[in-house]
Structure formats: C-alpha cells, structure tokens
Amino acid sequence: NRGHQIPLPRQDDHVRGALGQRARHVPGTGQPSRYIEQTRIATGTFRDPRSLQFGASNDPTRRERAIFIKAIQAGLNFGLFDVEVTRQQGQFTQLVAKDVIDTVDGVLRTSDAALWNGSDSDVGNPTTLEYCGLLTQINRTATIASTANIIDGLTSEVASMMANTAFRVRPTAIYVNPILGNLIAQEERLNHRQMETVVVAGLRVRALATEAGDVPLISDWALPSTASATESGKTDYKAAIVTEELIELHYITTPNPRVFPLGLEGNLATRYSVVLFDAPVAKGKANATQDQATTESSLVTYAHSIVTVVR
C-alpha cells in the first residue's frame with residue numbers, strides 16, 4: 001500500500017471553518033490555476049425608437065488571471081512497540097483513527113487561519129509558501145472609531161458597497177472576530193435592538209438588517225485582533241463584509257485533505273502523511289472604466305470590504 005491513498009475514517013468528523021465551508025470549491029486548471037473575472041459590465045444607450053442605429057458601446061470586458069496552488073502537509077508516526085502494545089490491547093484501530101482525524105483537523109485548521117492571514121502578497125506572483133490571505137487580497141477598507149456605533153458602521157459600509165453603479169453588489173455575510181461578535185451582542189442589548197437569527201454552516205447566528213437584507217454575522221476565530229494602529233491603548237478588531245459566491249478555493253484532485261501511508265522507516269515506525277492542495281482567491285476586483293491593459297495594483301475590490309473596529 002506504499003504511496004496509495006487510503007480512505008479517511010469518519011469523514012463527517014472533519015469540519016472546517018465557516019468560510020472554508022461556504023466558499024466555492026473549484027477544481028484547479030493547473031499550476032497556476034486560471035480563472036476569468038469580469039472587469040466591466042456592458043451598458044446601453046437610449047436611441048430614437050424609429051431610428052435605431054448600431055453604435056459602439058462599453059462592451060463587457062474580462063480578464064484571465066492566475067492563482068498558484070499551495071500545499072499543506074502534516075505527518076504522524078506510530079512506533080513499532082506502541083503499535084504492537086495497542087494492537088494486543090485491542091485498541092490499535094481506534095487510536096490510529098483518532099490520531100489520523102486529529103491530524104486532518106490540524107491541516108484544516110492551518111488552512112482556515114491562512115485563508116485570512118496567509119503571508120503571501122500576490123496570488124499570481126508568490127513570494128512565500130503560504131496562501132495570499134483575504135486580508136491582503138481585499139483592498140477596500142473602512143474603519144469604525146472607538147466612539148462610533150459598531151452596528152451602524154457595518155450597515156453603512158454595506159450600503160456604501162451597494163451604492164456602486166457599475167456593478168451589482170450584494171454582500172452575503174459579515175465575518176467577525178469572536179470578541180467583536182460579543183461586542184456587537186452587547187451593543188445590541190444596550191440599544192434594545194433585536195436581531196433576526198439564521199442558520200449558517202449548521203449553526204444559528206444573528207443576522208444584521210442591512211440594505212442587502214438580513215446578512216449573517218459569522219464568528220471566525222482566525223480574524224485577528226491587534227493593538228490599535230490609530231488609537232493608543234485600544235484594540236483593532238477585524239470584520240470582513242464579503243460576497244461569498246465570489247470567493248473561490250481552487251483545489252487539486254479533491255477539496256479535502258488526503259491521507260497516505262508511507263510504509264516502515266528504518267526504526268520500524270509506521271508513517272502517514274496528510275496533504276491538501278488548494279488556494280483561495282477573492283474575485284470582484286475591477287474598475288468600471290478600465291481597459292484590458294490596466295495594472296493589477298490599480299484594481300479596486302468592489303464585492304468585499306475589510307472593516308477595522310477600534311475598541
């Protein structure tokens with residue numbers, strides 16, 4: 001069985017973070033993986049209904065872009081003595097299954113953290129082995145000062161995004177640092193507000209009433225909180241307003257980690273390797289008036305926004 005994939009025990013036990021579940025999983029096209037993004041929407045021109053003439057208009061434009069697939073790997077060893085002791089006790093199968101499940105969960109947790117915080121700086125021109133995190137990819141930002149209302153600040157940013165006249169923008173979720181989620185709940189109680197609840201990724205969460213409808217507030221442990229860069233003695237908490245259908249995870253072979261047995265080492269230890277090949281991309285970066293020669297650095301994220309809440 002050397003080098004051959006083996007089925008994971010109890011696949012349903014492997015639950016990744018909410019963003020990893022709700023993002024679109026797309027088979028990669030190679031290395032790098034290619035995808036098409038529409039950068040301008042076509043417009044029309046009013047004409048005399050009895051004198052219609054063909055005239056050039058703003059045609060829709062699209063751009064082919066590239067994303068480099070990244071690899072996450074973890075390994076585990078079972079020493080010969082421990083294998084034989086647990087097998088003699090009749091516990092070997094259960095212990096191996098538990099260790100494999102834990103290792104797969106560890107790979108998924110590494111992926112969940114890097115979806116936001118990966119250290120790479122460009123999806124198409126990699127400089128590190130990690131993902132290019134969404135906090136780097138999304139270049140639309142907003143700040144809610146320590147004296148401002150958090151809920152009003154978030155709903156105002158959603159309204160500002162939807163006011164885009166060049167693209168149809170309708171955010172589908174607001175991901176928040178868990179402590180920020182608690183601060184929002186406290187603010188809700190103090191202001192005697194009552195939020196609706198919705199089911200997201202099998203969990204019931206609060207939903208914020210916005211111009212885009214009831215948008216779920218989803219806690220994500222990987223969104224950071226750091227010492228404030230603008231107000232001394234305060235903390236910056238991150239929130240991400242996103243359009244989830246435009247967030248993709250490009251994968252190779254399968255979106256789930258795979259487990260491979262590697263046979264015996266010289267010390268008679270049995271080895272397993274867990275591997276995941278994928279990478280995230282936040283689509284929705286464009287300028288309404290751009291042409292195909294526009295540089296990537298000038299593209300504006302219209303479909304997502306990173307909000308810093310100071311408290």
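Author: Two strands pair if DSSP finds at least two bridges between them; strands (E, at least two residues) and helices (H or I, at least four) are DSSP runs, numbered from the N terminus. The model is predicted: local features need pLDDT of at least 70, side-chain atom pairs count only at pLDDT 80 or more, and totals for chains, interfaces and linings use all residues. Residues are numbered from 1 along each chain as its sequence is written, and side-chain values use heavy atoms, without hydrogens and water.

Reader: How do you know that β12 and β14 pair?

Author: Five bridges join β12 and β14, in the antiparallel sense, so the requirement for a pair is met. Within this pairing, L249 has P280 of β14 as its bridge partner. Strand β1 (residues 24-27) also pairs with β12, this time in the parallel sense over four bridges; there V26 is the bridge partner of H250.

Reader: Why is β12 called largely enclosed?

Author: Buried means under 20% relative accessible area, exposed over 50%, and partly exposed in between (1.4 Å probe, protein chains only). Five of the five residues of β12 are buried, so the strand is largely enclosed by the rest of the structure. I247, L249 and Y251 cover one side, with E248 and H250 on the other.

Reader: Nice! And what makes the largest nonpolar core a core, and how many residues has it?

Author: Such a core is a set of buried Ala, Val, Leu, Ile, Met, Phe, Trp, Tyr and Cys residues joined through side-chain atoms within 4.5 Å. The largest one here has 41 residues, and L19, W116, Y131, L134 and Y175 have the most contacts inside it. Elements giving it two or more residues include β12 (247-251) and α3 (92-117); the largest share, eight residues, comes from α3.

Reader: Why are α5 and α6 described by an angle word, and which one fits?

Author: Helix α5 (residues 150-162) and helix α6 (residues 178-190) pack at about 110°, with their axes 9 Å apart. Angles of 65 to 115 degrees count as roughly perpendicular (under 35 is roughly parallel, over 145 roughly antiparallel, the rest oblique), and α5 and α6 are therefore roughly perpendicular to each other. I150, I151 and L154 of α5 make the contact with L180, L183, I184, E187 and E188 of α6.

Reader: Why is T253 classed as it is, buried or exposed?

Author: T253 has 60% relative accessibility, so it counts as exposed. This residue, in the loop between β12 and β13 (258-264), has a positive phi of about 75° although it is not a glycine.

Terms used
Axes are lines fitted to C-alpha atoms, for helices over the stretch in contact, and angles run from 0 to 180 degrees between N-to-C directions. Contact means heavy atoms within 4.5 Å.
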